[in-house]
Structure formats: structure tokens, C-alpha cells
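I set aside some time to go through this structure and to write down what I looked up. The entries follow the order in which I worked.

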Amino acid sequence: MHRPSRRLLLQAGAVAAAAMAGALARSEPAHTPDDSFVGLRRRWREVTLGAGFDAGAEPYRTWLAGTGRRAARHRAAMAYTGTSLWADQPFPSFAATPGRLLAMARAYALPGTGLTGDATLAAAVAAGIDHYRRHVYAAGADPAGNWWHWEIGVPRALLDAAVLVGPHLDERRSAALRDAVDHFVPESRLGDYSGTSTAANRVDLCVVMLLRAMLRADPGKAALAVSALAPVFRVVSEGDGFYRDGSFVQHSTVPYQGAYGVTLLTGLATLFAVLRGTPWEVVDPTVFAMVERSFAPFVHDGFCMDLVRGRGIARKPFGDHDRGRELAAAILLLGEVAPAADRVRWQAMVKGWAVRQTCRPMGAVADPPFHARLTAVLADDAVPAAPEPAGHRLFPMSARAVHRRPGWCAALSMASATIGHYEHGNGENLRGWHTGSGMLYWWADGHADQYSDSFWTTVDPYRLPGTTVSTRRLPDGAGPAWGDTCPPGRWVGGATDGTYAVVGQHLNGLDSTMEAFKSWFFLDDAVVCLGAGISGADGVPVETIVDNRRTAAPLTADLRAGWAHLDGHGGYVVPDGLRTLRERRGDRDYVTLWLDHGLDPDQADYVYLLLPGASRARTAARAADPGWARVLANTARRQAVRVDALGVTAAAFWNEGAAGPLAASGPCAVLVREDAAGTATVTVADPRRDLDGVTVTWDRPVAGVLRGHPLLAGAATGDRLRLAFGPTAALEGASVTVTVRLS
């Protein structure tokens with residue numbers, strides 16, 4: 001298990017001890033002017049507002065002028081009453097009122113707004129902060145409703161505004177605000193790493209604590225803000241945080257790189273940059289490693305994939321592109337304090353995203369800090385635009401997979417005993433029921449907006465691409481909130497050698513009796529999709545959705561020949577039973593392809609190939625060559641395929657047994673790949689994460705083992721290969737690869 005760096009631990013221990021001693025000695029630290037806090041406030045402004053850009057040059061001039069005009073309108077509309085600060089925002093107005101005060105403070109602190117350094121504007125901000133504090137955010141008030149507003153959202157905005165206007169918030173008002181923050185966010189809130197004080201929430205709380213420290217030069221609170229970060233850097237095996245395979249989870253059961261993860265990375269990048277060179281400087285290599293291990297795999301051509309955005313997918317169109325831009329901004333900022341080699345790679349990676357993101361250009365938003373950094377990278381000829389990487393990344397601990405090949409990308413969202421079907425909460429994402437039922441996202445060239453442009457508000461929620469579902473009608477918000485919708489199935493994951501993969505899901509439907517065994521074989525130009533053991537007793541049909549594309553493109557289908565093609569998108573080889581529908585939902589066109597397994601099916605199955613980016617001719621040719629991918633088994637006990645052209649044999653063993661030349665002594669995933677040099681790799685994984693040992697047999701002459709693995713307990717070669725592995729449960733679903741010499 002990874003531990004925080006020695007530097008961080010030593011520093012955290014020292015500052016935590018200092019903070020504890022200070023807390024015992026006094027309830028409120030004496031005000032001690034400190035040059036380090038003067039520099040800290042200046043650095044906060046530089047990092048959060050931007051520095052080094054030309055305020056008189058476009059696009060900054062227009063953006064800054066607009067910021068000033070909005071601030072002027074806010075100031076002019078202020079009306080101090082007991083029920084509001086702005087008439088259109090009655091209290092508590094958790095987001096709008098503090099947000100407007102912060103926007104005004106930024107107009108005061110930024111150059112080129114027309115209100116830069118305007119004392120009357122700063123005074124209005126100070127008076128507004130105090131008014132809101134007296135009527136809503138008062139020490140002793142009952143924190144009714146969502147805890148987040150009281151502990152993170154409101155105090156961060158108010159404290160940020162207070163720091164930016166500086167001495168314009170007099171000591172009386174400053175002390176009252178500090179008392180209110182201390183009431184809702186006491187130091188004890190950072191003493192226990194549990195509940196709502198974990199992962200991204202913990203980082204946010206630390207940012208609030210640092211701002212509180214800056215408001216009155218409080219070294220004890222600054223030290224606490226740093227020491228309380230230490231648990232965030234630990235690798236976890238359950239609950240919230242980063243996992244060994246790169247997964248990031250929040251709310252215990254929701255993969256969340258694209259929302260809470262963005263918040264976490266942005267907060268850490270800000271803290272690292274602001275605190276650099278101060279007595280509270282914090283550096284830990286974990287976050288540097290996670291940029292490419294946890295976040296980058298889910299960014300495709302500049303947008304962050306929806307399968308790691310939780311309930312946020314339903315908020316607004318192009319939210320995936322917004323989150324991608326925020327991740328890029330955090331990565332470039334973090335790069336300023338990262339090792340040089342990391343910084344160089346990240347700049348090339350972000351440049352590649354920006355160059356390829358054409359439907360919503362990344363640089364179109366003129367937010368000064370990010371725009372200035374991105375513009376510098378784009379203009380630097382020494383920084384290459386990194387291409388989209390090729391390969392497969394499997395995240396067994398979060399039931400996610402991402403597959404990249406030249407010209408296309410696919411991503412798979414599943415549910416398991418530890419990962420929920422979907423998340424709803426605060427009235428959001430009430431119909432995301434089936435996003436964990438094997439939803440297969442895919443993008444061919446030119447379709448980066450496929451799931452961005454109002455997809456979630458117009459798509460049929462019972463027909464998400466790749467899923468197998470009971471058509472039983474569900475109420476909005478079916479199942480418990482906040483991702484607590486985990487099915488009982490434990491075999492979820494697969495095996496990958498980094499290029500190809502076999503991924504499987506023992507699927508139990510949400511609030512239904514439906515059960516299925518689904519496997520995906522991710523290859524060079526195709527995904528082979530198998531389903532078996534499909535059963536249900538809900539009194540309704542069960543369907544497998546081959547695809548549901550948001551497009552008006554022409555569909556060509558030769559159902560007798562077993563194929564269909566969607567112009568400009570790709571092809572489908574479906575031997576039996578394909579049904580198609582073209583419809584307009586809301587103001588968006590859709591083409592749906594699906595398989596109807598009938599009313600209350602018993603052990604139904606399916607086979608189809610997805611060919612992203614394929615032409616009509618290539619689709620027809622693949623359909624005419626049924627031997628290209630041979631199905632070796634497709635039952636509720638095992639699913640397997642053989643692709644001779646790639647030298648690939650792969651199987652999902654739901655139970656012990658044999659499939660073609662492969663056999664396994666227990667439930668596992670196996671991927672064998674032969675090459676032209678006379679060697680082969682055998683990759684094995686334990687998706688259930690509970691085996692004390694497993695033996696895999698390949699009925700193929702093998703001369704010897706070239707490269708083993710610490711868990712390889714024994715190997716027999718000769719007429720066939722027999723590999724015995726030790727306790728694979730300890731690998732948490734990760735793959736084990738052994739290289740052999742063929743006879």
C-alpha cells in the first residue's frame with residue numbers, strides 16, 4: 001500500500017503537533033503579522049485569478065470588461081433586507097449570494113475590469129459578506145439542509161471574497177466571519193477521516209481551512225489545512241479515494257474522476273501551487289502519479305467520459321467537455337510544481353487534447369489563469385501535441401474499462417457488489433437506472449459530441465447502448481440515493497494485457513429479477529459482445545441494446561446477411577434477430593438497434609460484433625466471414641472466443657470448466673495472445689477477488705516459461721501448458737501475465 005512521502009509525513013506530524021498545542025493553549029490565536037501570510041495571500045490571487053497575462057489583449061480585455069460590468073450590476077442591485085441581499089435571491093441563497101459577492105471581489109482584484117482597486121466596490125463586498133453572515137451564515141445558526149453548503153460552498157466563497165478585498169473587511173466583520181466559519185467548520189472536522197470528510201470533500205475542507213488561516217494570519221490553522229491532507233494520498237481498498245488500479249471513488253460506490261475527482265485534483269493543484277515556498281509547502285508523489293493513472297484514461301479528445309461523472313451527467317449539455325477543460329486546467333497548474341519530466345508529458349498531453357477538441361474548443365473560454373497557461377503551451381513549438389494513446393485500461397475496483405485503438409475509443413460502465421448501478425441525489429439523474437448495466441460508449445473520429453449534446457435528456461433511458469435490461473417501468477429515482485444501488489454480482493472485471501482485453505459482468509437488473517452474463521472482447525477494430533443466461537420473471541420483455549446513436553445518419557441493414565451500417569459511424573454484425581428503429585426524441589434524432597429476448601426469457605443469449613468507424617464494405621465483408629471471430633462458448637458457465645488473425649483466445653470463466661483449448665479450475669478471466677516470434681502471453685485475472693489459487697490450462701505445446709510472476713506457484717510445459725497461481729485475491733482484480741516460448 002502506498003504511503004505519503006516522508007517529507008509530507010514529517011511536515012504533517014510537526015504541524016499537527018503545533019496545531020494541537022496551539023488549540024490547547026488558546027481558543028483563538030493571537031494576531032501575528034507574518035510576511036509569509038502576505039506572500040500567501042498574494043500567491044492565492046496569482047494562482048486563482050491568474051498572473052502574467054496582458055489585460056489589454058484579447059480575449060482577456062473583453063472577458064475582464066464583462067466581469068467588471070457584471071460586478072457593477074450586482075453592486076447597483078444590492079438591497080439590504082432581512083430576507084435577501086438581492087431581491088431576486090431570497091435567503092438562504094447558498095450559491096447565488098456568496099457567488100455574486102465573490103464575483104464582485106474578483107472584479108476588484110483583477111486588472112482591466114474598470115473596477116480594479118475600486119474602494120467602494122470592496123466596501124460593498126465587505127458589507128454584503130457581513131449582511132449574509134448576520135442573516136444566514138451566523139455562528140450558532142442551525143445548518144439545515146445539505147451540509148455541503150455550510151461547510152464548503154458558502155465559507156469558501158465568503159472567505160475567498162474576504163481575502164481578495166483584504167483590509168476593506170474591518171476587524172469586527174472579519175472576526176464575526178471567522179467565528180461563523182469556526183462554528184460550522186471546527187478544527188475537529190478534520191480530525192476524523194470518515195463520513196463526508198474524505199477524498200474530494202476533505203480537500204475542499206482543507207482549502208476552507210487555509211482561507212480561514214489567511215484571513216487572520218493563523219499559522220495553526222494553516223498547519224492543520226496541510227496535515228489534514230495526508231489521508232487523501234493513501235491508496236485504499238474500499239470506500240472513498242484512490243485505488244491501486246487507478247480507480248477513484250466517492251460516495252463509497254460511485255466512480256467519480258469526472259466530478260468529485262476534478263474537484264480533488266483542482267483543489268490539490270491549487271494548494272500545492274499556493275503553498276509552494278511557504279512554511280506549509282506540501283508535496284506528495286501520489287497525486288502526480290494519479291494524473292496519468294486515474295484521470296487521463298477517461299479523457300478522450302479533451303472531454304471527460306460520462307461513466308465517471310456520477311449524477312452530474314444529467315446537469316447540462318456538454319458537461320463532459322466542461323469537466324475535461326477543468327481537468328486540463330488542474331493538470332497544467334499542478335505541472336508548475338511537479339517534476340520536470342511529469343510537466344513535459346502533461347503539457348504534451350493537454351496540448352493534444354486541445355488540438356483534437358474541435359466541437360467545443362478548449363481554449364474558447366477566456367478564464368485568465370487557464371487560458372494563459374494553455375495559450376503558452378499551444379504556442380510552444382518545443383511541446384508536441386501528444387496523440388491519443390492506444391491500448392486498454394481496466395479498472396476492476398470501479399467496474400470500468402477504456403479501450404483505445406487508432407481511430408476509435410470505447411468505454412464500458414458496469415455495476416458490481418461494490419459499485420452502484422447509478423447515482424441519483426438532490427433531484428439529479430433520476431433516470432440513470434441502467435448506466436451500470438453494461439453501457440458501452442464508443443466514439444469514432446468526428447463524433448466527440450455523441451453523448452454530450454443533450455443525450456441524457458433525450459435518450460430512451462431503457463435503451464442505453466450495450467445494456468441488457470428488463471423493460472419493467474421504474475419510478476424516477478428508483479433504488480436508494482447516492483449510489484447505494486449495488487447488485488449482488490461479484491464477477492465483474494476481466495483480464496487485459498494492455499492491448500486487448502476480455503471483460504465480463506454478472507449482471508443483476510436494478511429493481512428487477514433479470515439476470516445475465518455479459519462479456520466483451522476488445523480487439524483491434526472490433527468489440528465482440530456475448531450474452532448468455534439471460535433470464536427474468538418481471539412479466540415484461542428483456543432487451544439487449546446493440547446501440548442507440550444520437551444521429552440522423554442513414555442506416556443500411558441487410559438483416560438476412562446479418563449486418564447493419566450507420567453512415568459515418570460504424571458497423572454491426574448481428575447474426576440473428578436485430579431490430580431497428582429511427583425516432584425523434586425531443587429535438588434529437590436517434591437510431592436504435594436492439595435484440596428482443598422476449599417476455600420473461602429463460603437462458604436467452606446473443607452474439608454481435610461492434611465495428612467502430614468501419615465502412616459499409618468492411619462491415620459486409622466481416623459478416624461474410626463468420627470464422628473471423630469463432631465463439632468457443634457462450635453459456636452461463638463460460639464465454640470464450642478465438643480470433644486467429646490476431647492470435648487471440650480469451651475466455652470469461654463464470655465457473656470452473658473448459659472452453660476450446662482453455663480450462664480453469666475456478667472463476668476467472670483468461671486472455672492468451674500468440675505472436676509471430678514464437679512466444680505467447682497468458683494473462684489471468686480474478687474478477688471476484690476471492691480466490692486462494694487458480695490453475696489455468698492451455699491445450700497448446702509450450703517449450704518453457706520465459707517470464708513468470710510472483711504469484712505463479714507452478715508451471716508445467718510440454719504438450720500443453722499448465723499454470724498454477726497462488727492467492728489472486730490480493731491483486732484486487734488486477735491481471736497477471738506470464739510469457740512462454742511456444743514449441
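The entries below go from the whole chain to single helices and then to single residues.

**Entry 1: the whole chain**

I began by noting that this is a predicted model. I looked up the secondary structure and found 16 helices and 36 strands in the protein. I then asked whether the overall dimensions agree with those of a compact globule or depart from them. A compact globule of 743 residues would have a radius of gyration near 27 Å, and the protein has 28 Å, so I wrote down that the value agrees. The C-alpha atoms fill a box of roughly 80 × 55 × 55 Å when the box is taken along the principal axes.

I next looked up burial and found that 59% of the 743 residues count as buried. The accessible surface comes to about 26,800 Å², and carbon and sulfur atoms account for 52% of that surface. For the contacts between residues at least 6 apart in sequence, I noted that 68% join residues at least 24 apart. I also checked the charges: there are 75 positive and 74 negative ones, and their mean positions are 3 Å apart.

**Entry 2: helices α3 and α4**

I took α4 (residues 96-109) and compared its span with the expected one: its 14 residues should cover 20 Å at 1.5 Å a residue, and the end C-alpha atoms are indeed 20 Å apart, so the two agree. Its buried residues are Thr97, Pro98, Arg100, Leu101, Leu102, Met104, Ala105, Ala107 and Tyr108. I noted with some care that Arg100 is on this list. Which elements do the buried residues of α4 pack against? I found α3 (60-77), β1 (84-86), β2 (89-90), α5 (119-135) and α6 (147-165).

I then turned to α3, which has 18 residues and reaches 26 Å from its first C-alpha to its last, close to the 26 Å expected. Its buried residues are Tyr60, Leu64, Gly66, Thr67, Gly68, Ala71 and His74, and these pack against β1, α4, α5 and α14 (368-379).

**Entry 3: cis peptide bonds ahead of two prolines**

I looked for unusual backbone geometry with one general point in mind: most residues other than glycine have a negative phi, and most peptide bonds are trans. The bond from Glu58 to Pro59 is cis, with omega near 5°, and Pro59 lies in the loop between α2 (35-49) and α3. The bond from Phe91 to Pro92 is also cis, with omega near 15°, and Pro92 is placed in the loop between β2 and α4.

**Entry 4: positive phi**

I found that Asp301, although not a glycine, has a positive phi of about 50°, and that it is located in the loop between β7 (299-300) and β8 (303-304). I counted Asp301 as buried because its relative accessibility is 15%, which is under the 20% limit. Arg689 has a phi near 60°, again positive in a residue other than glycine, and its place is the loop between β31 (679-685) and β32 (694-698). At 22% relative accessibility, Arg689 counts as partly exposed.

**Entry 5: three single residues**

I looked up Leu215 in helix α8 (residues 199-215) and asked whether it is buried or exposed. Leu215 is buried, with a relative accessible area of 14%. Leaving aside neighbours within four places in sequence, I found Leu215 in contact with Leu159, Ala162, Val163, Leu169, Ser174, Leu177 and Arg178. For one of these partners, Ala162, I also looked up the C-alpha separation from Leu215, which is 7.3 Å across 53 residues of chain.

Ala557 belongs to strand β19 (residues 555-558) and is partly exposed, with a relative accessible area of 41%. Not counting residues up to four places away, Ala557 touches Trp563 and Ala564. The C-alpha atoms of Ala557 and Ala620, which are 63 residues apart along the chain, are separated by 9.8 Å.

Finally I went to Gly50, in the loop between α2 and α3, which is buried at 18% relative accessible area. Beyond four places in sequence, Gly50 touches Arg45 and Pro369. I also looked up a residue 675 places along the chain from Gly50, namely Phe725, and the C-alpha atoms of the two are separated by 54 Å.

Technical notes: Residues are numbered from 1 along each chain as its sequence is written. This is a predicted model: local features need pLDDT of at least 70, side-chain atom pairs count only at pLDDT 80 or more; totals for chains, interfaces and linings use all residues. Side-chain values use heavy atoms; hydrogens and water are left out. Helices (H or I, at least four residues) and strands (E, at least two) are DSSP runs, numbered from the N terminus. The radius of gyration is taken over C-alpha atoms; the globule rule is 2.2 Å times the number of residues to the power 0.38. Buried means under 20% relative accessible area, exposed over 50%, partly exposed in between (1.4 Å probe, protein chains only). Contact means heavy atoms within 4.5 Å. Accessible areas come from the Shrake-Rupley method with a 1.4 Å probe; for residues, only the protein chains shown count as cover. Lys and Arg count as positive and Asp and Glu as negative; His and the chain ends are not counted. The place of a charge is taken as NZ of Lys, CZ of Arg, CG of Asp or CD of Glu. The expected span of a helix is 1.5 Å times one less than its number of residues.
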